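Reader: I am new to this structure and would like to understand the reasoning behind its description. Could you take me through it step by step?

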Amino acid sequence: MRGSQNYHVEQRKNLALQKRTRFCHKYQTRITTDKTDQIQPAIWENIIVWKDARNGNGDIYMYDINTGKESPVVTDTAEQSNPVIEGNYVVWEDRRNGNLDIYMYDLSTGKEKPIVTNTSPPEKPCYIGWKDCMG
Ligand SMILES: [Ca+2]
C-alpha cells in the first residue's frame with residue numbers, strides 16, 4: 001500500500017512538473033543559439049542587449065522583440081561588457097583603449113560615441129575633484 005501511495009505521489013509530482021515545463025516553454029523564447037556565452041542581458045521595451053562571446057572576445061549584441069532581428073551593437077576586438085539600455089541609448093564598459101572606458105550607441109542614429117575615455121585610474125579624478133573643492 002505504501003509503495004502504491006509513493007507511486008501516486010511521484011506521478012502527481014511528474015504531472016505538475018510537466019505542466020510547469022509546458023507553461024514555461026509557452027511563454028519563453030530563445031533568442032540566441034550561438035554555442036559561445038551570451039551573458040549580462042538587459043532590456044528596455046522591445047530591445048534586449050547582452051554581452052556576446054561569439055567573436056572570441058566580449059562584444060555587445062541586441063535583439064528586437066518586435067522584428068525578431070538580432071544585430072551587433074559593437075564588435076571591436078577589445079572587450080566590451082555590462083551593457084545597459086534605456087530609450088535609444090545602449091551604454092557599456094569598453095577596453096579598446098587599454099583600460100575600462102564607457103561607450104554609447106544611439107539606436108536612432110546608429111552612431112557610437114565614447115562617453116568617458118579618461119586614462120587615469122577612477123580614484124584620481126575623484127581625488128583631484130576633492131582637492132579642487134577644498135581649494
Ligand atoms: Ca569586442
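Author: In this predicted model, residue E93 has I102 of strand β7 as its bridge partner.

Reader: How do you know that strands β6 and β7 pair?

Author: Two strands are taken to pair when at least two bridges are found between them, and β6 (residues 89-94) and β7 (residues 101-106) are joined by six bridges in the antiparallel sense, so they count as a pair.

Reader: What makes β5 and β8 edge strands?

Author: The open sheet has four strands in the order β5-β6-β7-β8, with antiparallel pairing. Because β5 (80-86) and β8 (111-116) each have a single partner strand, one side of each is left without a neighbour in the sheet. From one strand to the next, the twist averages 25°.

Reader: Why is E45 called exposed?

Author: A residue is called exposed if 12 or fewer other C-beta atoms lie within 10 Å of its own, and E45 has 11 such neighbours inside 10 Å, so it counts as exposed. E45 lies in the loop between β1 (38-44) and β2 (47-52), and it has a positive phi of about 50° although it is not a glycine.

Reader: Why, then, is N82 called partly exposed?

Author: The label is given between the two cut-offs, 12 or fewer for exposed and 20 or more for buried, and N82 has 16 other C-beta atoms within 10 Å, so it is partly exposed. N82 is placed in strand β5, and its phi, near 50°, is a positive value in a residue other than glycine.

Conventions: Residues numbered from 1 in each chain as written. Predicted model: local features only at pLDDT ≥ 70, side-chain atom pairs only at ≥ 80, totals over all residues. Helix = DSSP H or I, 4+ residues; strand = E, 2+ residues; numbered from the N terminus. Axes fitted to C-alpha atoms, helices over the stretch in contact; angles between N-to-C directions.
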